[in-house]
There are 2 protein chains.
Amino acid sequence: MTTQELTTQIKKKNSFLCIGLDVDLNKIPKHLLDSKDPIFEFNKAIIDATHHLCVAYKPNTAFYEAYGIKGWQALEKTIQYLNYNHPEIFTIADAKRGDIGNTSTMYAKAFFEDLAFDSVTVAPYMGKDSVEPFLAFKNKHTIMLALTSNKGAFDFQTLSVNNNELYKQVLETSKSWENSENLMYVVGATKAEYFAEIRKIVPNNFLLVPGVGAQGGNLQEVCKYGMSENVGLLINSSRGTIYASKNKDFAQAAALDALELQEQMKAILNK
Amino acid sequence: MTTQELTTQIKKKNSFLCIGLDVDLNKIPKHLLDSKDPIFEFNKAIIDATHHLCVAYKPNTAFYEAYGIKGWQALEKTIQYLNYNHPEIFTIADAKRGDIGNTSTMYAKAFFEDLAFDSVTVAPYMGKDSVEPFLAFKNKHTIMLALTSNKGAFDFQTLSVNNNELYKQVLETSKSWENSENLMYVVGATKAEYFAEIRKIVPNNFLLVPGVGAQGGNLQEVCKYGMSENVGLLINSSRGTIYASKNKDFAQAAALDALELQEQMKAILNK
């Protein structure tokens, strides 16, 4: 999917919501555990109930790998279901990968070719030659960690390098990489004022924003400082949406939560 | 496996060699491609031929994920084969994972419980709460990226923060984390003199050292500066060993290459 197509979808649906499919078998409704593939059944129900309200889904690979082969199979079925039934949806493998060049190419093949995701998240620590292999894939997007929403973000990401915080240096440096137009960035929503600074460095790239809701960020504030001309934001909600109810009505409850977020987004987009 | 047991194995085998099982179907001998599971057959042959010469094996997960479910199955079979036949071997999932706390716990379960590896590599960018969930597992080891062997290492890892290079700050900070005795570090062998500096910060932790051989590091130099009282080094060789021959004699060729490295290590240990 191209960035232009993503923006078109956002405007059509009046939504820049991404739903995180972080399926924990201890948290899903008990009745699903009797089915053959509880993870996929859960995802399918969530997708069926919410796809008109969001523009992206983001399974975090950790939740699938934790269940071994069965987990990987559920991930494969989920992305196939999305690609077949909802090709207009932007798909994100939240995998936070990164390795030396040759090895990053293998990861890129895993997520862009074998699983056919539109995008994958990557970590910046190993630098240019660990990220460029992902950027080489046409119409695929590489979403690099910049400023994350967890406490540990302040261990290294905000340390001062060259009179700049490390995450800003990461943003700045990455702009010079080959095919950097295929970069998006993860920016946590815990401090909305950071977005103004970030937009000075990357005015147009899409930002994937976790931490609105459960992790405490504020949607209005994030949009005020972070929105770009082409919207440029994907706001992620995981637990708050998919675990809105633990009962048989879980999919409807997820849809209600997603609708509330989408209505806020619609109001912002139409301002 | 405890660190003490690892050191015991090193002294018994006169080797601190780790063999990287980075299986690329384009590089393995053609005749294996006819078998039901070429990746596992390749690994099994390499393990059978080299297990007496090394103390650790390190499959890089990228090479398995690139082949989807079949790849993940081959990874599972490989670790099961190792754990069943060679419980004395230290196993490393080279996965470079890391995410917010709850999610890192899922990764830790994937590699420590579901696949039963002794250790996993992680990335430091997200800080303390992204790594501590791995450290909480008893007798399991978390190998954090410090200074990698690729060119991109100089993009961020060697930038100056607090009058210190970032990778040194990463080492220093990580010492205060809970269960930090379960930490090992990835330190590339491209510049041996770095090891002297690193040993001032982490005198005893094991260092996993890629880049001897193919990537240009020198074994003697690395040992001169990097060896600790309990040896404290695992030197990794991947391509140089497992692809020593592309013909039917590939396993014997790998064993010859491993033997050469092991003999150099023996000489160093007995000095």
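Which elements of chain B help to cover the buried residues of helix 12 of chain B? Here are a few notes to read beside this predicted model.

1. Let's start with that cover. The elements over the buried residues of helix 12 include strand 1 (17–20), helix 2 (38–50), strand 10 (233–237) and helix 11 (239–242), which belong to chain B.

2. Now look at helix 12 of chain B itself, residues 250–269. Its 20 residues reach 28 Å from the first C-alpha to the last, close to the 28 Å expected at 1.5 Å a residue. Among its buried residues are B:Phe250, B:Ala254, B:Asp257, B:Leu261 and B:Met265. Seen down the helix axis, the buried residues fall within an arc of 165°, so they line one face of the helix. A handy reminder: an α-helix has 3.6 residues a turn, so residues three or four places apart point the same way.

3. Helix 5 of chain B (residues 101–114) makes a nice companion. At 1.5 Å a residue, its 14 residues should span 20 Å, and the end C-alpha atoms are 19 Å apart, which agrees. Do look for the bend of about 25° at B:Ala108, a residue that is also buried. After the helix comes B:Ala116, with a positive phi near 60°.

4. The buried residues of helix 5 of chain B pack against helix 3 (62–65) of chain A, as well as strand 3 (90–97), strand 4 (119–122) and helix 6 (128–135) of chain B.

5. Finally, compare the chains. A turn of 180° with a shift of 0.0 Å along the axis lays chain B on chain A with an RMSD of 0.0 Å. The two copies are therefore related as by a two-fold rotation axis. Both copies use the same surface: 100% of the contact residues of chain B recur in chain A.

Notes: Residues are numbered from 1 along each chain as its sequence is written. Chains are lettered from A and ligands numbered from 1 in the order in which they are written. This is a predicted model: local features need pLDDT of at least 70, side-chain atom pairs count only at pLDDT 80 or more; totals for chains, interfaces and linings use all residues. Helices (H or I, at least four residues) and strands (E, at least two) are DSSP runs, numbered from the N terminus. The expected span of a helix is 1.5 Å times one less than its number of residues. The bend at a residue is the angle between axes fitted to the seven residues ending there and the seven starting there. A residue is buried if 20 or more other C-beta atoms lie within 10 Å of its own, exposed if 12 or fewer, and partly exposed in between; C-beta atoms are placed from the backbone. Two residues are in contact if their C-beta atoms, placed from the backbone, lie within 7 Å. Copies are superposed by least squares on the C-alpha atoms of residues with pLDDT of at least 70 in both. The arc is that of the directions from the helix axis to the C-beta atoms.
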